[in-house]
Amino acid sequence: IGKVGFQRYEVNAFGKRIKEIQINQGQAGKSFKTTLDYEVQKYANELLKDKAAAVCVMDVYNGDIVSLVSAPTFEPNAFVHGLDKKYWNSLITNTKKPLTNKAMSGLYPPGSTIKTLVALSALENKIIKPQDTFRCKGKIELHGEKFHCWEKKGHGIVNLRKGIQRSCDVYFYEVARKLGVDRLSQTAKKFGLGKQVLTDFSEERSGVVPNTKWKKKFIGQNWYIGETLHSGIGQGYFQSTPIQLCLMTAQIANGGFEIKPRIIFDKNNNSLKNFLDYKKENPGKRFSAELLLEKFSQKKLFEDQENINLIKDAMFSSSNEPGGTSYRHRMENPKYTFAGKTGSSQVKRFTEAQRAAEIKQTELDYKDRDHALFIAFAPYNDPKYAISVVVEHGGSGGSTAAPIAKKIIKKVIERHDLREKMNRSQGDSA
């Protein structure tokens, strides 16, 4: 934003200028280019029409934010010269909260999307092996409390891949119990949860990644094992923003390397892509953490990259193999094939009576329905973009959020070559 200039004159009694006293040229504002793709923004807005929802799309290598949409929206130009009272009242009384930027300020339990990190943390800490199994009978009991799986009859024998593919709650109750909330907390923070993603925006919220010390400090109570089980499926005290979930997914997609998201274009931003290209050209060469930081300014977030690959493969099965929670929304063309994870976060406890009657989300009042979440990266064979979608009270991530993500992923990948060309030309001119 520039500064307004002015001219000062001496005038006579009739207002006629006699002489010039002072001229201040002011200061022109600076031009900048955002990383946002207007066409994708517009398309995402159309898909979210009449919903309280948010979408974030991010480049998995340089953190460029391609789309950041919050719905419902409002007319910003109306604020320039003072708002019409009727319009202002319509904004502040709207229960879908159009004035809240849900992509950065909306806080939601991450639900089953957190299972990617629960599994990764357990692998990294050598708590489980990929083929370790648990039997899901639809629920488990711990200290007299029942912990239910979303599949009433259970999933049977479940290992890590099937646990993510079918989003088995019982499997992740057992993994979280063995892992503990403190180790899960460390992994979650490492992958971007619990802190601001874009530090330039005062409206962005940090969210909550709970652990034993956090509860003692802010609630003044000890941590209980049942709360660890709830954390293992992204419920309880966990709170995250859509942009945090997108960053988490992007860093899984790129192989477990830290990226620093941004919304202002910067031509010097592809060091991670350069590193991965260099690695392909030097097969078998080992790369130390020191070399990564020194030569490519990259920080790895993993102990064993094979663990990241196992999570990516499980996400692929969730979206592309029968039984996967988002299988019906798959895209078989390899150019668009994505690997994803559905999520649903409860806003109100499901009663035993409702469970026995097999009440569906669509039969509940709007405000009582679960939030619907979906995270994904695409294309699977050569990841370029990560996406997160949150639809408030959407009921189910698989039925509500996944189809929105599918359409946006296709749009983003169709525009990839154009985006790359534009960025190169901007970089050359800069």
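Begin by selecting phenylalanine 74, which is partly exposed, with a relative accessible area of 28%. The model on display is a predicted one.

**Aromatic pairs**

Add phenylalanine 79 to the selection; this residue is likewise partly exposed, at 34% relative accessibility. Over the whole structure, a search finds eleven aromatic pairs. Phenylalanine 74 and phenylalanine 79 form one that is edge-to-face, with 5.5 Å centre to centre and 65° between the planes.

Next, select Trp214, Phe218, Trp223 and Tyr237 together. Ring pairs link these four residues into a cluster.

**Salt bridges**

Side chains of opposite charge can pair when their charged atoms come close. How many salt bridges does the count give? The count comes to 15.

Select aspartate 59 and arginine 419, whose side chains meet in a salt bridge with an N to O distance of 3.3 Å. This pair links distant parts of the chain, 360 residues apart: aspartate 59 lies in strand β3 (residues 53–59), and arginine 419 in helix α16 (residues 416–429). Are these two residues buried or exposed? Both aspartate 59 and arginine 419 are buried. For arginine 419 the relative accessibility is 9%, so this residue falls under the 20% limit for a buried residue.

Keep arginine 419 in view and add glutamate 420. These two residues also form a salt bridge, their closest N and O atoms being 3.7 Å apart. Glutamate 420 counts as partly exposed because its relative accessibility of 25% lies between the limits of 20% and 50%. Now extend the selection to Asp64 and Arg262: salt bridges that share partners join Asp59, Asp64, Arg262, Arg419 and Glu420 into one network.

For another salt bridge, move to arginine 330 and glutamate 332. Here the closest N and O atoms are 3.3 Å apart. Arginine 330 counts as partly exposed, at 26% relative accessibility. Glutamate 332, at 64%, is over the 50% limit and therefore counts as exposed.

**A positive patch**

Finally, show the surface and select Lys190, Lys195, Lys260 and Lys299. What do these residues form there? The four lysines gather in a patch of positive charge on the surface. To place one of them, select helix α7 (residues 181–190), in which lysine 190 lies. Lysine 190 is partly exposed, with a relative accessible area of 38%. A patch residue must have over 30% relative accessible area, so lysine 190 meets that requirement.

Notes. Residues numbered from 1 in each chain as written. Predicted model: local features only at pLDDT ≥ 70, side-chain atom pairs only at ≥ 80, totals over all residues. Heavy atoms only, no water. Patch = residues over 30% accessible without salt bridge, like charges linked within 9 Å, V, L, I, M, F, W, Y side chains within 5 Å. Areas by Shrake-Rupley, 256 points an atom, 1.4 Å probe, with all protein chains shown as cover. Lys, Arg positive; Asp, Glu negative; His and termini not counted. Charge placed at Lys NZ, Arg CZ, Asp CG, Glu CD. Helix = DSSP H or I, 4+ residues; strand = E, 2+ residues; numbered from the N terminus. Buried < 20%, exposed > 50% of the residue type's maximum accessible area, 1.4 Å probe, protein only. Phe/Tyr/Trp six-rings, centres within 6.5 Å; stacked < 30°, edge-to-face > 60°.
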